[in-house]
Amino acid sequence: MEKSKTRPSLNYALLTLGALVVFVVLCLLVFKIPIIVTLFLSWVLLTPFAVKLGYSIPEVEETVYDMIKSSASMLALLLSIGCMVAIWLCAGTVPTLISWGLNLVTPKMFLCIAFLFCAVLSIPTGTSWGTMSTAGIAMMGVGMGLGLNPAMVVGAIVAGSHVGDTVSPASDTPLLTATTCEIPLMDHIKHNLKLILPATGIAAVMYAVFGFLFVDATMDKSALMAIIEDLNNVMNLGVITLIPLIVVVVLLIMKQSALSAILAGSLVGMVLAVVYQGFSIGEVGNFMATGFVIETGNELLDPILNRGGVSSMMELLSIIIASLGMGGILKGTQILDVIVESFSKTIKSRIGLTTAALVGCILCLAVVSTNYFSIILNTTLLAPLYVKLGYKKENAARIVNNLSCVISPFVPWGLAGVFVAATFDIDVVTIIPYSFFNLVVVVLCAIYGFTGFDMTKYTKEELAQMEKEEV
């Protein structure tokens, strides 16, 4: 006989969520358990709370599987992106962008170029940490050679490196945000671009003006020229290598699915890698699996080029699956529904939603110290509230994605802050005034949210259809 299930009270739901937060904090900060393991262990933590409500263990498992199955397309896209990054490297697409960017560096424009260079590189690679630890180190060396304030240089590097983290389809941040919000990845990215593009432009102008006003130095381009020369020695560069990138952009403009566009761009890149770069089909296949590998003899260049592949996505894949399972239990047992319903009685306006997102992201980053948890918790709680007020989930995804991403490197005890401090041997608090992009994004998120600018709403027909589907 099937046991009757009890709808959780608000106190019980808050107790469950509070226990989860405490558990995550202890695992990450006290016991130093990796986020992947912590999220998987959260399934075990939440199971007794579900059983108390009348759910059997097999039924709890079913809530996990249902949530994971609903995101199968996102997981497939994730693997295709890993392949694409490796192919764009061996085809010469990313190396060409690197070469062109380094050729543009001048003293007064250094901060602006460093910002844009890291931004451009972060988009195809999809990693702020990877960009900072490779291109960022190279830019840091040039900046020190110019005699610039290290805080200025690192601020520009950190700012540029986080552009890709906000909008790149290869980045874990947009992928995780779109997944937890249950929206198509490209819908999230397109909506976010309406904020990130202006923020990038404003930041670039600010760095240019700042450079002309405050930078007065001569420049030794020997280190940069060495990188460019090594790139030209090991690969064929030029406009032709950008064809894979063009193919992807054109297909996305034509409203093809992200998976189709990426696979098509990867196929073109494979042809270029074999025909134009001289790699064998077997080598390209191995690159797709384990990442591109090449030895240029330049210790600054090799880490930039050696990355990508399906294997590079395994950690993120595990994090997404673990977070989906956690969300599935909370959602399947109605614990989240009860909390959202309670919040919806308090938050009844766009201003309330924006304030909740700002406070929620800052608190999560300060307490748990990782943007993953901030994204998972805030999107899970806020997305339904946005829908209840008639706003599309893309609005919740945009503000949570951006705030979690751009604020995280400024938390000295947070994972991102510790990484920046260790990589550049600097106090992260000192770089805040010079991380123009991050600051502009926070301001624009607040402006967009409080004023309602570019916040998309559901039509009456869409809301009616959603109500039917829920029934």
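User: What is the handedness of the crossing in which α1 passes α2?

Analyst: In this structure, which is a predicted model whose local features need pLDDT of at least 70 and whose side-chain atom pairs count only at pLDDT 80 or more, while totals for chains, interfaces and linings use all residues, α1 passes α2 in a right-handed crossing (the near helix is turned clockwise from the far one by less than a right angle, anticlockwise being left-handed). Residues are numbered from 1 along each chain as its sequence is written, and side-chain values use heavy atoms, with hydrogens and water left out.

User: Why are α1 and α2 called roughly antiparallel?

Analyst: The axes of α1 and helix α2, which spans residues 35-52, come within 10 Å and cross at roughly 155 degrees. Axes are lines fitted to C-alpha atoms, for helices over the stretch in contact, with angles running from 0 to 180 degrees between N-to-C directions. The angle is therefore set against the limits (under 35 degrees roughly parallel, over 145 roughly antiparallel, 65 to 115 roughly perpendicular, the rest oblique), and α1 and α2 come out as roughly antiparallel to each other.

User: Which residues of α1 meet α2, and what classes do they fall into?

Analyst: Among the residues in contact (heavy atoms within 4.5 Å), Y12, L15, A19 and F23 belong to α1, and I35, L41, L45, F49 and K52 belong to α2. The residues of this contact divide into 14 nonpolar, 3 polar and 1 charged, where Ala, Val, Leu, Ile, Met, Phe, Trp, Tyr, Cys and Pro count as nonpolar, Asp, Glu, Lys and Arg as charged, and the others, Gly among them, as polar.

User: Where is V21, and why does V21 count as partly exposed?

Analyst: V21 has its place in helix α1, residues 10-30, a helix being a DSSP run of H or I with at least four residues, numbered from the N terminus. V21 has 24% relative accessibility and therefore counts as partly exposed (buried is under 20% relative accessible area, exposed over 50%, partly exposed in between, with a 1.4 Å probe and protein chains only). The C-alpha atoms of V21 and V85, 64 residues apart along the chain, are separated by 34 Å.

User: What separates the C-alpha atoms of I202 and V440?

Analyst: These two residues are 238 residues apart along the chain, and their C-alpha atoms are separated by 7.6 Å. I202 sits in helix α10, residues 185-214, and because its relative accessible area is 38%, I202 is partly exposed.

User: What makes α9 roughly parallel to α19?

Analyst: Helix α9 (residues 172-181) and helix α19 (residues 371-388) pack at an angle of about 30 degrees, with their axes 9 Å apart. That angle is why α9 counts as roughly parallel to α19, and the crossing is right-handed. Their contact includes L176 and C181 of α9 as well as Y372 and I375 of α19, and by class it has 6 nonpolar, 5 polar and 1 charged residues.

User: Why is α3 called oblique to α16?

Analyst: Helix α3 (residues 57-69) packs against helix α16 (residues 314-332) at about 125 degrees, with the axes 7 Å apart, and this angle makes α3 oblique to α16. The meeting residues include V60, V64 and M67 in α3 and L324, G325, G328 and K331 in α16; by class, the contact has 7 nonpolar, 5 polar and 1 charged residues.

User: How do you know that C181 is not bonded to C361?

Analyst: The sulfur of C181 is 11 Å from that of C361, its closest cysteine sulfur, which is too far for a bond, as a disulfide is a pair of cysteine sulfur atoms within 2.5 Å. C181 is buried because its relative accessible area is 1%. C405 is likewise in no disulfide, the nearest cysteine sulfur, that of C445, being 10 Å away, and a search of the whole structure finds 0 disulfides.

User: What is notable about the phi of D425 and of D454?

Analyst: Most residues other than glycine have a negative phi. D425, in the loop between α21 and α22, has a positive phi of about 50 degrees, and because its relative accessibility is 71%, D425 counts as exposed. D454, in the loop between α23 and α24, has a positive phi of about 60 degrees, but D454 counts as partly exposed because its relative accessibility is 23%.

Note on methods. Helices (H or I, at least four residues) and strands (E, at least two) are DSSP runs, numbered from the N terminus.
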